[in-house]
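Welcome! Here is a short tour for anyone meeting this structure for the first time.

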Amino acid sequence: MKTKNKKAALTSFVYPLSFGGLIFALWQTGVLHKLLGTDEFTLPLPSRIGNIILDNLPKIAGNIQSTLIVAVLGLLAGSLLGYAVAILATIFPRWGGGGLNVVSAFNAVPIVALAPVITNWTKDVSKDASVRSMVAKILVVMVICTAAMSINAYRGLTEVKPFSEDLMKTYAADKLTTFVKLRLPNSIPYIFIALRVSVPACVISALVSEYFAEYITGVGRQIRENIVLAQYSTAWAYITVACLIGILMYMILMVFEGILLKHRRK
Amino acid sequence: MKILKRIGDTKGAVTLVWALGIMIVWEIGAFYVQGTKRTPENVLPHIYQILGSVFSNKPVSSGQTALQIVITNAGATLLRAAAGFFIGMISGFILALLMNLSGVIEKIAFPYLMIIQMIPILGMAPIVLAITRDIGISRIVIAAILTFYPVAANTLAGFKSIEREKHDLMYICAASKWQVYTKTLIPSAIPYFFTGLKISAPMAITASILVDTLQGDGGLGCMLSQSLKHAMSIMVFWQIVLLSAIIGILSFYLMGVIEKLFMPHKRKRVMGGRRNYEDKE
């Protein structure tokens, strides 16, 4: 039994790794280009992308910083606001439920429609173009993250086990105690469900909102600017960086979730 | 007062009041902006101004009225989004099926499925355009990739969620693999499949519009950037913003409607109020 488990664990490592290795080899040797019908100009070799990243490290780091600030601040502000909305909806269930419908409708509004509008709205925030486009970008990310958090947190706050609710009633617990002792802990796994959606979403919306911002900065904007200038290898370097940001943020979330929810399961 | 309360009890009325509330806030904002700005229509026009531009006959660009421009371009964008959505839906379902059929494929594909979710595909829109060299094809490709992931991941979760008893029963009945799939696995995965579709439908439309903004050749996104550059009336921009919001929301609800058409039994169960209990199990 034990050897079987070991074998399963081994294959679940070896199979995806060898598949990734295969793709990498095909890419580096140029077979992938033939399959996709492109050339090394539009789809540069991985080694070249790696070299460009290493050569332009300081410039890339600056752009990463501005994208990360937008994504993280937007994620935090949006999630906090979303949770506050969920709490309000729990306190006033009838009107709050309808309000959440409206919020979930906001979730379906394309970012591309939202970003230019918010850019227009924030023209007066500051005289400095870099500051006001930063605010606009954070607001876009915030709107996207608010919806995901409020819908999930509302479920977590309201869908408590009936018997625990009854137990709180038999103890004659007031609403505040029920909220703190029962609803709040119950909502924590749902917060992580929301974050699993909004962490990749915050990176995506940060990248897209950069397309529409006034001030030219950030990983997303660099991808676009370099494509316009037909510097595809530089653009690929920024795409690689964007992927790394997404993957790293998700991994950090997974670690947090592991720590917090493991404690709860005991 | 009592009548008002009874009306307020229905779910639709609550949403309606919220929608009205947003409109009122919008109008207050519009009046405020009108007083402070030189070009208020760039920041926040009145709702009646936008509606007026929808029905106006004044040609905005190359002999077309604002509405005509928006409708023709929306058609082009939606068609490509739908094509990508359809391709992504089918390939996502097939991959989920293959992953469930073969452990090897699951082991190979699942980690990459996780990674695809974290890669900002929308950020890659320009590079897809550079590879495909055709704005139409790249829109379809990106919409397909964005659809593909939620559908595949959700459908696989659906296949895995089947109750053991059902599986055992099929085994006892000596059902063939084909029968197991058509009779139990696929029906039980369908709700999950639709959850995936609901997530990806607005995303496919976003993708399609976004790729438009990168290059000409028509489409909502292209008109969006042109009207922002004041090549035509700014009202075209507001019409597009409203329309894309409406399309995004409608696409979400459309998936819900199709879901109900496919699974009338599920609807009844939800209406019977048993769903809550099942969720809490």
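Helices here are DSSP runs of at least four residues, numbered from the N terminus. With that in hand, a first stop is B:Thr155, which sits in helix α8 (residues 135-160) of chain B. Please keep in mind along the way that this is a predicted model.

**Two buried residues**

Is B:Thr155 buried or exposed? Its relative accessible area is 0%, so B:Thr155 is buried. Setting aside neighbours within four places in sequence, B:Thr155 is in contact with B:Phe93, B:Ala96, B:Ala189 and B:Phe193.

Chain A offers another example in A:Met142, part of helix α7 (residues 129-158) of chain A. A:Met142 counts as buried because its relative accessibility is 19%, and the cut-off for buried is under 20%. Not counting residues up to four places away in sequence, A:Met142 touches A:Gly74, A:Ala77, A:Gly78 and A:Leu81. A:Ser79 is 63 residues from A:Met142 in sequence, yet their C-alpha atoms are 7.6 Å apart in space.

**Salt bridges**

Side chains of opposite charge can pair when their charged atoms come close. How many salt bridges does a search of the whole structure find? Over all chains there are 3, and here they are:

| Pair | N to O distance |
|---|---|
| A:Glu257 and A:Arg196 | 3.0 Å |
| A:Glu225 and A:Arg221 | 2.8 Å |
| B:Lys198 and B:Glu259 | 3.1 Å |

Take the salt bridge of A:Glu257 and A:Arg196. The pair links distant parts of the chain, 61 residues apart: A:Glu257 belongs to helix α11 (residues 232-265) of chain A and A:Arg196 to helix α9 (residues 175-212) of chain A. A:Glu257 is buried at a relative accessible area of 12%, while A:Arg196 is partly exposed at 33%.

A:Glu225 and A:Arg221 share helix α10 (residues 219-228) of chain A, and because they are 4 residues apart, about one helical turn separates them. A:Glu225 is partly exposed, with 26% relative accessibility, and A:Arg221 is buried, with 11%.

In chain B, B:Lys198 forms a salt bridge with B:Glu259. B:Lys198 lies in helix α10 of chain B and B:Glu259 in helix α12 of chain B, so the pair ties together parts 61 residues apart in sequence. B:Lys198 is partly exposed, at 24% relative accessible area, whereas B:Glu259 is buried, at 9%.

**Where the chains meet**

The contact between the chains takes 53 residues from chain A and 48 residues from chain B. About 4700 Å² is buried between them, with carbon and sulfur atoms giving 75% of that area. Across this interface there are 0 salt bridges, and the count of polar contacts is 1 residue pair, with both residues at pLDDT 80 or more. Several helices of chain B give two or more residues to its side of the interface, including α1 (2-9), α2 (11-36) and α6 (103-118). Helix α6(B) supplies the largest share, 9 residues. The chain B side divides into 32 nonpolar, 9 polar and 7 charged residues.

**How confident is the model?**

The model scores ipTM 0.71 and pTM 0.78. Chain A averages a pLDDT of 82, and 96% of its residues score at least 70. Within chain A, the highest mean is 89, in helix α4 (residues 57-91), and the lowest is 73, in helix α5 (residues 93-107). For chain B the mean is 76, with 83% of residues reaching 70 or more. Helix α5 (residues 66-101) of chain B has the highest mean among its elements, 86, and helix α14 (residues 275-280) of chain B the lowest, 34. Over residues 267-281 of chain B, pLDDT stays under 50, and the model has 7 contacts beyond four places in sequence for that stretch.

Note on methods: Residues numbered from 1 in each chain as written. Chains lettered and ligands numbered in written order. Heavy atoms only, no water. Contact = heavy atoms within 4.5 Å. Buried area = accessible area lost by both parts, 1.4 Å probe. Salt bridge = Lys/Arg side-chain N within 4 Å of Asp/Glu carboxyl O. Polar contact = N/O pair within 3.5 Å; in protein donor to acceptor, adjacent residues only side chain to side chain. Nonpolar A, V, L, I, M, F, W, Y, C, P; charged D, E, K, R; others polar. pLDDT = per-residue confidence, 0-100. Buried < 20%, exposed > 50% of the residue type's maximum accessible area, 1.4 Å probe, protein only.
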